[in-house]
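Okay, thanks for having me, everyone. Let me put the structure up, and then I'll walk through the bits I liked.

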Amino acid sequence: MINQEYDRASAEQVDEFLKFIGINKDPARVAINTGASVIGIRFDTGVVVAADTCVHYGSMPRFQSVDRVFKINEQIVMGGSGDFADIQMFKRTIDAQVVTDRIYQDTAEMKPKSLAGWLRQVTYARRSANDITPVAVVVGGMEPNAGPYLSYIDFRGVQVEDYVATTDAAQHLVLPMVRDKKPKDREFTEEEAIALIRQGMESLHYRDARAIPYYTVGFCTASGCHIEGPYKVNEDWTLVRHNRPQ
C-alpha cells in the first residue's frame, strides 16, 4: 500500500479548474433577471409562440409587464427564456441586422431557419469559449416554399426542429401534453394550437412558481406575423378549499 501525501489546492487553482470545466464563478455571468417558460407550436398554416410577461429578479417577480415574445419581421417571431439581458442582446443584434438589410435594400429578407442557425452558432461558440449565454430561445416563422418552421435553441448550442418547442418548466409540464394530443396523420389546426397554448399557460400558472397569469402570443402565417395580448389565464382555485385542513 502506497501512502502519499498531496498538497491542498489553493483558491486560485480551484477557480482556474472550475473555469476549465465550464463553471464560471464570475458574478458578472450570473443570471440575475430571468424569464420563465416559452411554448411554441407549429400548426398546418403557421406557428404560434407564447410566454408570460414576467421577468424575475432572483425568485421575486420584479417586472410583470415585459414582452418576451418578439416580432422580428413579417416572417419570424421569437420567444426567449433565461437571462433577460442576453435575450435583449440577441434582440438588439438581430434588429440591427434587419435595419442593415433594409438600408442596403437587400432583397434576401431574414428567414426563420437562418436565424435559428445563427443563434445555434453563436450560443455554441460562446459556450466553447466559456462565455455562456444562459438562455433558451424558440424561433418560429414561415419558410418560403417550405411552410411553417419551428425550432428550439439552448445555451449549449443544441438546436431541435419539431412541431412543438418548449423551454424551462414547460419541457416537463407542457411538452408531454402536446405530444399526447398530436394527431398521427396530420398537423395541428390553428384552433387546436391556440387551445393547447391556453391549456399550457394555465398548467404553468398552477404548477410553476416562476409563472404569472398574464401572457402574450405571437402568430406567424403566410399573411404575416403579429403579437397579441396580454391575455390572462382562466384561474380556478375552488379545488384548494377542499384540500385545506380544517
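Before anything else, one term: buried is under 20% relative accessible area, exposed is over 50%, and partly exposed is in between, with a 1.4 Å probe and protein chains only. By that yardstick Y215 is buried, with a relative accessible area of 5%.

Now the housekeeping. This is a predicted model, so to speak of a local feature I need pLDDT of at least 70, side-chain atom pairs count only at pLDDT 80 or more, and totals for chains, interfaces and linings use all residues. Residues are numbered from 1 along each chain as its sequence is written, and side-chain values use heavy atoms, with hydrogens and water left out.

Back to Y215, then. Y215 has a ring partner, and there are three aromatic pairs in the structure. Rings of Phe, Tyr and Trp (its six-membered ring) pair if their centres lie within 6.5 Å; planes under 30 degrees apart are stacked, over 60 edge-to-face, and the rest tilted. Take F90 and W118: the ring centres are 6.1 Å apart and the planes sit at 80°, so that one is edge-to-face. F90 is in helix α2 and W118 in helix α3, so the pair ties together parts 28 residues apart in sequence. Helices here are DSSP runs of H or I, at least four residues, and strands are runs of E, at least two, numbered from the N terminus. F90 counts as buried, at 2% relative accessibility, while W118 is partly exposed at 30%.

Then Y215 and Y231: this pair is tilted, 6.0 Å centre to centre with 50° between the planes. Y215 is in strand β12 and Y231 in strand β13, 16 residues apart. Y231 is partly exposed, with a relative accessible area of 35%.

Staying with rings, what lies over the face of Y163? That's K182, at 5.2 Å from the ring centre. K182 also lies over the face of F188, at 5.9 Å. The test is NZ of Lys or CZ of Arg within 6 Å of the ring centre and within 35 degrees of the ring normal.

Okay, helix α3. It covers residues 112-128, 17 of them, and reaches 24 Å from first C-alpha to last, close to the 24 Å expected at 1.5 Å a residue. That expected span is 1.5 Å times one less than the number of residues. Its buried residues include L115, L119 and V122, and the buried residues of α3 pack against β6, β7, α2, β8, β9 and β10. Right after the helix comes N130, with a positive phi near 60°.

On to the cores. A nonpolar core is a set of buried Ala, Val, Leu, Ile, Met, Phe, Trp, Tyr and Cys residues joined through side-chain atoms within 4.5 Å. The largest one has 24 residues, and I39, V48 and I197 are among those with the most contacts inside it. Helix α6 gives the largest share, five residues. Skipping neighbours within four places in sequence, V48 is in contact (heavy atoms within 4.5 Å) with residues including I41, A193 and F219. There's also a second, separate core of 21 residues, and V122 is one of them.

Last thing: β6. Four of its five residues are buried, so β6 is largely enclosed by the rest of the structure. β6 runs antiparallel to β7, with four bridges joining them; strands pair if DSSP finds at least two bridges. F70 has M78 in β7 as its bridge partner, and the hairpin between these strands goes through two residues.
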